[in-house]
Amino acid sequence: MGESPRKIIHVDMDAFYASVEQRDDPRLRAQPVAVAWGGKRSVVLTASYEARPFGVRSAMPLYRALERCPGLVVVEPRFDAYREVSAQVREVFRSYTPLVEPLSLDEAYLDVTAPLRGGPSATRIAQGIRAEIRAATGLTATAGVSVNKFLAKLASGMNKPDGLTVLLPAQADALLASLPTSAFHGIGPATAAKLAAHGIHTGADLRRTPPAHLAAWFGRVGEHFARIARGEDDRPVEPDRAPVSVGTEETYADDLRGVEAVRAVLPSLARAVEERLARAGLAGRVVVLKLKLDDRSVVTRRVTLPHPVRDEATLTRTAAHLVTAELMGEKGVRLVGITAAGLGPPTEPPPTLFGEPG
């Protein structure tokens with residue numbers, strides 16, 4: 001007999017930072033709110049649901065958010081408050097299962113295959129968790145329930161805010177085939193564009209593409225794309241992993257040639273790192289640049305900054321200064337990555353260490 005399916009829940013707090021601010025300040029309720037520092041280069045960390053119909057979203061430059069929503073109320077972040085609420089939420093999680101994998105202050109995976117309480121139904125456990133979070137914090141959470149992490153996260157994004165979606169494998173098959181690749185967790189706009197260049201626009205297209213081709217174009221992550229297109233994900237829930245770094249990388253179908261070509265791709269990578277750091281409530285003092293060259297050798301360079309940073313502009317500028325002709329030689333670059341390490345609480349963005357790269 002085969003193993004019984006796992007029971008996985010993905011819980012995501014709704015507009016977390018903004019919701020905490022609206023809870024704590026009644027004047028902000030029912031108002032379009034963005035949590036962001038006030039500098040010219042600031043970005044939106046979280047937007048309330050009242051702001052989202054205007055097109056305001058997380059990781060958007062603040063000036064653009066204000067253009068789209070002139071009545072936007074901008075509130076500076078209070079990470080101590082967010083961490084306090086996050087601790088209350090995790091206490092609820094751990095009362096149901098020790099297998100809790102936090103992804104950030106506001107979301108986590110839970111494996112409730114063998115729960116501590118709540119009975120055998122993962123759906124009823126998810127209902128209980130959402131009710132207890134609301135009672136403890138006054139905030140709402142959305143949950144997705146399925147047999148693996150990928151499908152549970154997909155489910156939690158289907159009925160926000162304050163929703164609960166159960167996605168069974170039989171239901172997921174047709175859904176995954178019809179989804180655009182950009183709707184798959186882990187496939188960002190740049191990767192979706194590269195997939196489209198190979199004629200891959202939907203989950204069905206991914207399924208029809210030989211995994212060996214995806215691996216040749218995208219490396220190991222290409223094999224992952226092939227699996228999730230079929231709803232397959234055997235990653236376990238790993239409890240309480242404290243991140244030592246936050247980063248992202250892209251493999252390019254055509255090798256990048258020259259310093260400027262490499263520098264041109266840095267902003268999109270830095271934007272992804274900024275968003276992940278913001279969701280985790282962290283910033284990094286160490287910026288690491290990674291290049292994989294056309295001979296498959298890997299080179300890295302790093303710099304330690306005087307203050308923790310996480311904004312896209314500083315990450316981009318810092319990484320750009322690490323990209324030099326001497327580093328690359330005459331070789332093409334097939335992969336570029338940016339990582340923030342030396343993680344800790346964020347501070348208000350300091351004066352920049354570097355000017356524009358030469």
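So, the sheet: we've got an open one with four strands, ordered β9-β12-β10-β11, and the pairing is antiparallel. Strands here are DSSP E runs of at least two residues, helices are H or I runs of at least four, and both are numbered from the N terminus. Two strands count as paired if DSSP finds at least two bridges between them.

Quick caveat: this is a predicted model, where local features need pLDDT of at least 70, side-chain atom pairs count only at pLDDT 80 or more, and totals for chains, interfaces and linings use all residues. Residues are numbered from 1 along each chain as its sequence is written, and side-chain values use heavy atoms, with hydrogens and water left out.

Back to the edges. β9 (245–256) and β11 (298–309) each have a single partner strand, so one side of each has no neighbour in the sheet. Strand to strand, the twist averages 15°; angles run from 0 to 180 degrees between N-to-C directions, with axes fitted to C-alpha atoms, for helices over the stretch in contact. β9 pairs with β12 (residues 333–344) over eight bridges, antiparallel, and Glu250 sits opposite Val336 in β12.

What lies across β9, β10, β11 and β12? That's helix α11 (residues 259–280), running at about 150° to β9. Helix α12 (residues 312–322) also packs on the sheet, touching β10, β11 and β12, where contact means heavy atoms within 4.5 Å.

Elsewhere, the axes of α5 (residues 149–156) and α6 (residues 169–178) come within 12 Å and cross at roughly 70°. Phe150, Leu151 and Leu154 of α5 meet Ala172, Leu175 and Leu176 of α6.
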